[in-house]
Amino acid sequence: VASAAAFSVAPALRPVSRAAISARHSPLALTMVAQGPAADSGIDRRAALSRAAVAAAGLAAATFAVPVIALADSAGKKIVVAGATGQTGRRILERLAATPGLNVIGGVRNIEKAAKDLSTSSTVVRGAMVQKVAAIDTAAVELRGLDVVVDSVDALAETMAGAESLVIATGFVPGNPFQMTAAAHAVDNVGTIKLIDAAKKAGVKKIVMVSSILTNGRAWGQEKSAGFVITNAFGQVLDEKLVAENYLKASGLDYTIVRPGGLKAKPPTGALLVSKEDSLNSGEISRDLVADVAVACLSDPKVKNMVLEIIEDTGAPPKVFNGLTM
């Protein structure tokens, strides 16, 4: 599990949902919520049930609160978000844009279209899901062309010139079933590796990559699990993501890989649950929480070179992934 030593301990805190936190989208830092006897005796029953369920499954997990604080030493820092118009990427962009002193670059394929899309609140349909997206103040963001399929490493490095950090929130969008394998390979594997190489060339110091639980499912006996089989059916995307993850781990750069469960467009209803690498095979999480965690990882030295798997604590063993009952 993401060990207790990896985060600052707050013994007086108890699990909370993001709804109980300020509605303002400020960058957040991960803080462990105490799980031992020192914790408030009024700790809610849902969190206790969740811990018991996780323990029964052989997992060591921790529930975390995410208190609102400023991104550490943000003044003058330049951060690039690749995939800034995606449903998770735009939430990350929104939080960074609201942080005073940051220079935020949104990497997008079409600048004119992105400027319009990001500045407009809308409802979009993605597969079977209807997602509401909030408008972003694009005046606080510099949009730059960034296409991981078309651009060379040199071109990507030029886009990142002067940046200290990079958030990778790219991912192929399933479409033509006859082209999904090629698309996943081009974006989640080759394209992501190009971003990593470009980041090194540009002098980027920190990379936060948004990936997925079960990416390394084959290594721990999950290749026949429903979540792995169904998700990987879309272009073998989990296998492609794993190649990029391993490349990042071997890059020598400071990295944090965030592996969320099934992504929900709705605001979170449960507390954030963080588990160790290769431990979760189901569970879902709001994109809002994923964005919070990604932003927090940019400035928290305690998550350096770590893989975090995250879902929402629903008070019961996780049984759903990407809308499917496992």
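**Exercise 1.** Determine how many of the 13 residues of helix α8 (residues 287–299) are buried, that is, under 20% relative accessible area with a 1.4 Å probe and protein chains only.

*Solution.* Step 1: helix α8 is mostly covered, with 12 of its 13 residues buried. Helices here are DSSP runs of H or I with at least four residues, and strands are runs of E with at least two, numbered from the N terminus. Step 2: among the buried residues of α8 are Arg287, Asp288 and Asp292, together with Leu289, Val293 and Cys297. Step 3: at the start of α8, a side-chain oxygen of Ser286 comes to within 3.1 Å of the backbone nitrogen of Asp288.

The model is predicted, so local features need pLDDT of at least 70 and side-chain atom pairs count only at pLDDT 80 or more, while totals for chains, interfaces and linings use all residues. Residues are numbered from 1 along each chain as its sequence is written, and side-chain values use heavy atoms, with hydrogens and water left out.

**Exercise 2.** State the mean pLDDT (the predictor's confidence in each residue, from 0 to 100) of the protein chain, and locate stretches under 50.

*Solution.* Step 1: the mean is 79, and 71% of residues reach 70 or more. Step 2: pLDDT stays under 50 over residues 1–29 and over residues 31–60. Step 3: counting contacts (heavy atoms within 4.5 Å) beyond four places in sequence, the model has 86 for residues 1–29 and 56 for residues 31–60.

Methods: Buried < 20%, exposed > 50% of the residue type's maximum accessible area, 1.4 Å probe, protein only. Polar contact = N/O pair within 3.5 Å; in protein donor to acceptor, adjacent residues only side chain to side chain.
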